[in-house]
Amino acid sequence: MKRRTNWFALIALVVMAVVLAACGGSDSGSNSANESGGKKAGKDLTIAVNQNFVTLDPQDSNNTLDNSVQQTMLEGLVGFDKDMKIIPKLAEDYKVNKDATEFTFMLRKDVTFHDGEAFNAEAVKTNFERVSDEKNGLKRYSLFSNIEKIDVVDDYTVKFTLKNSFASMINNFAHPAGALQSPKSLASGDDVARKPVGTGPYVFESWDSSDIIKVKKNDKYWNGDVAANSITFKPVVENGSRTAMLQTGEADFAYPIPTEQVETLKKQNITIENTDSIVMNYLSMNVSKEPFNDPKVREAITHAINKEDLIKVVYADYAKPATSVIAEKTQFYSKQEDQSYDVEKAKALMKEAGKESGFETTIWATNTTNYIKAMEFIQQSLAAINIKVKVEPMENGALADALWAVEDPKDAKVQMYFGGWSPSTGEADWAIRPLFSSDSFPPNSYNISYYSSKEVDKGLKEGLATSDEGERQKIYDDVQKTIWTDMPWVPISNPDNIFGKKSNLEGIVLLPDGGLSVTELQIK
């Protein structure tokens, strides 16, 4: 058995993903405003977000914003630190066998749920039997569908046996969907999607008709005192309105901050921070159709796009050029050789492919400002090698149907697509398998390049069959190199996470997947 030791100091993460901003509530602490944007945060924070909420049930949630609010109240067995490394939460330790079919967790003994119910192995079993039962129809079933049985070894030890080897399972446990609710609450018939009961630093207080969610301090939190008396999460969809709240002092924290407003906010004494993300922005090509089935054409397109210039135009330099098909902060990342910007080489490759006179094609993306800018940049870049690109921005629903609802690859109409992907488990398998596996063609998953490689498929299978991290690194090194060389994508950039906050807030950590931990929050 392989035992995981040398845990980081136990931190209960609170993931705040889609947007966090504080919008002035009734602060119990004093606010001292000495300059525009210089107000101090009190003990009652308001966090402004850029979308409306859907559910507070982590097992039935598929968006980062909901997960972020959930994790102020709910915790899992393990979680992620600021670098997406696995850390303990409600489990003090765990062990996994060599074949990665058995995961055993040793639980904390000093934890109770907010309703007074005991946290123990039976509570863990109840939660994971719920999400791993397909009949319950929960959105996160796929993350835990590989669980065959759950054994209560003793009150504070629980063992999971999987149907198949799955070394990435520990990352699935760390996913926000692994957060645990009170078994009494789950059995009561109460609407856990609206009123969750967990073990976290904050307790659910309200979710009102204007879609504002409020949580209050858990005075009995097992991991010590909590900095804020309350946190209010308020949807503020319009970018200008959200950042204006920072300028007026209404907001304590705001995320995301549009890149074009960063410098203005900095001049107004507002603290703006940016951190690396594991988001990958990319240009995919449908390699099952001409002319993208020709490797020389794909290579020509790769060399015709100046990634650094695109980042300047689209992200105002708040991004990094992609150096693999997964982002640097993703577990098992491996840096690849530079794909240089070289128009003359691109022209020569087009000539070798018999496409010197070019061709016409179409690029799809969602209709957001940055994605439209990116498509237009690609359009101009490819014009230099005689490729005439039609830009088609699409509304999210229509785009999703056109991309993911295709039943037969022959019916796929996508030619090129500019999009983004963030692996919510923080590691290479979920960053690669849904997008490049032969089993991941729509509607099964998200491989809209219709790329198929026996070497990649073999590597992905082997990567899940061992729990030895050294072996897994070698396997994923080879997988990344193969995809990088085959070029079904042009990996473009890893955009930064950008947020604004009041100057006396410290200890807030924005995770690479866009989530925010507030457990170490300090209000100075």
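Me: One word to settle before we start: contact means heavy atoms within 4.5 Å. With that in hand, which residues does Ser185 touch, not counting residues up to four places away in sequence?

Reply: Keep in mind that this is a predicted model. Ser185 is found in helix H5. Leaving out residues up to four places away in sequence, Ser185 touches Asp115, Asp190, Val192, Lys195 and Val197.

Me: Is Ser185 buried or exposed?

Reply: Buried means under 20% relative accessible area. Ser185 has a relative accessible area of 5%, so it falls under that cut-off and counts as buried.

Me: How far apart in space are Ser185 and Tyr94, C-alpha to C-alpha?

Reply: Along the sequence, these two are 91 residues apart. In space, going from C-alpha to C-alpha, the distance between Ser185 and Tyr94 is 27 Å.

Me: Let's zoom out. How far apart do the C-alpha centres of domain 1 and domain 2 lie?

Reply: The chain is split into domain 1, covering 44–269 + 503–523, and domain 2, covering 280–496. Where they meet, 22 residues of domain 1 are in contact with 20 residues of domain 2. Their C-alpha centres are separated by 31 Å.

Me: Which domains feed the largest nonpolar core?

Reply: That core has 108 residues, and Leu77, Phe105, Phe128, Phe160, Phe173, Ile432 and Leu521 have the most contacts inside it. At least three of its residues come from each of domain 1 and domain 2.

Me: And how many residues are in the second, separate core?

Reply: Among its members are Ala319, Val343, Leu382 and Val389. This separate core has a residue count of 34.

Me: Back to Leu77. Which Phe residues does Leu77 touch, not counting residues up to four places away in sequence?

Reply: Leu77 is one of the residues with the most contacts inside the 108-residue core. Its contacts, beyond four places in sequence, include Pro88, Lys89, Val124 and Leu180. The Phe residues it touches are Phe105, Phe119, Phe128 and Phe160.

Me: Phe128 is in helix H2. Which elements do the buried residues of H2 pack against?

Reply: Helix H2 spans residues 121–131, and its buried residues are Ala121, Ala123, Val124, Asn127, Phe128, Arg130 and Val131. At the N-terminal end, Asn120 caps H2, with a side-chain oxygen 3.2 Å from the backbone nitrogen of Glu122. As for packing, the buried residues of H2 sit against S6, H3, S7, S8, H4 and H5.

Me: Which strands are the edge strands of the seven-stranded open sheet?

Reply: The order is S9-S10-S11-S2-S12-S20-S13, with mixed pairing. Inside it, S2 (residues 44–49) runs parallel to S11 (residues 230–235) over six bridges, and Val49 stands opposite Pro235. An edge strand pairs on one side only, and the two that do so are S9 and S13.

Me: Now strand S18. Which residue in S18 is the bridge partner of Met285?

Reply: S18 covers residues 416–421, and five of its six residues are buried. It pairs with S14 in the antiparallel sense over six bridges, and with S16 in parallel over two. On the S16 side, Trp364 stands opposite Tyr417. Met285, for its part, has as its bridge partner Met416.

Me: Just after Met285 comes the loop with Asn286. Which residue's backbone oxygen lies 3.0 Å from a polar side-chain atom of Asn286?

Reply: Asn286 sits in the loop between strand S14 and helix H8. It counts as buried because its relative accessibility is 0%. Its contacts beyond four places in sequence include Phe292, Ala412, Ile448 and Tyr450. The backbone oxygen 3.0 Å from a polar atom of its side chain belongs to Val414.

Me: Which elements do the buried residues of H13 pack against?

Reply: Seven of the nine residues of H13 (residues 428–436) are buried, including Ile432 and Phe436. At the start of H13, a side-chain oxygen of Glu427 comes to within 3.0 Å of the backbone nitrogen of Asp429. The buried residues pack against S14, S18, H14, H15 and S19.

Me: Last one: where does UniProt place the "domain: Solute-binding protein family" feature?

Reply: The feature comes from an unreviewed UniProt entry. Its span is 30% helix and 24% strand, with the end C-alpha atoms 28 Å apart. UniProt places it at residues 85–439.

Terms used. Residues numbered from 1 in each chain as written. Predicted model: local features only at pLDDT ≥ 70, side-chain atom pairs only at ≥ 80, totals over all residues. Heavy atoms only, no water. UniProt positions renumbered as here; feature names shortened; annotations may be inferred. Helix = DSSP H or I, 4+ residues; strand = E, 2+ residues; numbered from the N terminus. Buried < 20%, exposed > 50% of the residue type's maximum accessible area, 1.4 Å probe, protein only. Polar contact = N/O pair within 3.5 Å; in protein donor to acceptor, adjacent residues only side chain to side chain. Pairing = 2+ DSSP bridges. Core = buried A, V, L, I, M, F, W, Y, C linked by side-chain atoms within 4.5 Å. Domains from an automatic or database assignment.
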